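Please open the model in a viewer and keep the sequence panel at hand. The stops below are given in the order in which they may be selected.

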Amino acid sequence: MPIMPVHSRIQELSEITNSFLKSGETHEVDYKKVAKGLKSEDLVAFANAGGGCILVGVVEQTQDGVQIGEVEGCDVSDGAVLEILNKASSCIPPIALDVFIENLDQNPILRIAIPTSATTPHCTSKGLYLRREGTRNRALQPQEMLQLFLEIEAKSFAAKFEAAAEKITHDLAELETSLEATITNMGDQLGWAEYKLGDTED
């Protein structure tokens with residue numbers, strides 16, 4: 001998998017990051033204090049659950065009884081980013097990431113966006129299949145994995161069937177056009193004055 005470049009470096013926190021800090025950890029948001037705390041299991045779990053976001057350099061705190069994210073900052077060097085990208089590359093199949101460096105004016109953090117994957121299900125290099133559920137990563141049960149594979153096969157079959165149907169429709173249209181032209185030509189040559197092309201449609 002090619003190394004994905006950092007998408008942007010911004011001096012402050014983005015609007016989406018601020019909303020993730022206010023929401024606390026959820027089924028689509030996770031916090032990690034340092035890059036080493038982010039594991040391939042986290043990436044697999046989000047990818048298998050339709051995507052999500054991991055904020056590195058953020059810890060969870062309680063404010064007025066509500067869980068929120070607090071920015072502490074982290075290493076945002078090329079080495080730290082490469083370490084995360086290598087973990088994504090080690091997944092099977094590899095997971096594409098969008099990496100953003102934010103809050104450079106104060107305590108820099110990494111926003112790791114895991115988009116919806118077209119190649120699910122993913123597993124770690126050790127063969128672990130997980131899915132994000134609530135604020136935790138949960139191992140997929142055998143029946144869930146079977147359901148995932150069946151859904152993938154069904155989508156693949158539907159796509160192939162649709163493509164085949166479109167080709168057949170196109171080929172039939174071309175055949176009809178060719179047949180009409182041939183019959184019209186024959187009619188002209190034989191002098192069928194009363195010839196009606198519509199009579200040949202069936």
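**Lys-36 and its partner**

Select Lys-36 to begin: at 63% relative accessibility this residue counts as exposed, where exposed means over 50% relative accessible area, buried under 20%, and partly exposed in between (1.4 Å probe, protein chains only). The model is a predicted one, in which local features need pLDDT of at least 70 and side-chain atom pairs count only at pLDDT 80 or more, while totals for chains, interfaces and linings use all residues. Residues are numbered from 1 along each chain as its sequence is written, and side-chain values use heavy atoms, with hydrogens and water left out.

Next add Glu-83, whose side chain meets that of Lys-36 in a salt bridge (3.6 Å, N to O). Lys-36 lies in the loop between β2 and α2 and Glu-83 in helix α3, so this pair ties together parts that are 47 residues apart in sequence. Glu-83 is partly exposed, at 26% relative accessibility. A salt bridge here is a side-chain nitrogen of Lys or Arg within 4 Å of a carboxyl oxygen of Asp or Glu. Helices (H or I, at least four residues) and strands (E, at least two) are DSSP runs, numbered from the N terminus.

**Helix α2**

Now select residues 40–48, helix α2, of whose 9 residues 8 are buried. Against which elements do the buried residues of α2 pack? They pack against β2 (29–32), β3 (52–56), α3 (78–90), β7, β8 (130–133) and β9 (136–139). Gly-50, which follows α2, has a positive phi near 95°.

Within the helix, pick out Asp-42, which is buried at 6% relative accessibility. Its side chain forms a salt bridge with that of Lys-32, at 3.4 Å from N to O. Because Asp-42 lies in helix α2 and Lys-32 in strand β2, the pair ties together parts that are 10 residues apart in sequence. Lys-32 is also buried, at 15%. Extend the selection to Asp-30 and Arg-132, which are linked with Lys-32 and Asp-42 in a network of salt bridges. The structure holds 9 salt bridges.

**The β6–β7 hairpin**

Move to β6 (98–102) and β7 (109–114). These strands run antiparallel and are joined by 5 bridges; two strands pair if DSSP finds at least two bridges between them. Asp-98 stands opposite Ala-113 in β7. Of the 5 residues of β6, 4 are buried.

Select Glu-102 and Arg-111 together: they form a salt bridge whose closest N and O atoms are 2.7 Å apart. Glu-102 is buried at 0% relative accessibility, and Arg-111 is buried at 10%.

The hairpin has 6 residues between its strands, and Asn-103 takes a positive phi near 65° there. Is Asn-103 buried or exposed? At 6% relative accessibility, Asn-103 counts as buried. Beyond its neighbours within four places in sequence, Asn-103 is in contact (heavy atoms within 4.5 Å) with Ile-10, Gln-11, Glu-12, Leu-13, Val-71 and Pro-108.

**Cysteines**

Display the cysteine sulfurs. The whole structure contains 0 disulfides, a disulfide being a pair of cysteine sulfur atoms within 2.5 Å. For Cys-91, the nearest cysteine sulfur is that of Cys-123, 8.0 Å away. Cys-91 is buried at 2% relative accessibility, and Cys-74 is buried at 13%.

**Last stop: helix α4**

Finally, select Leu-175 in helix α4 (residues 142–190). Leu-175 is exposed, at 53% relative accessibility.
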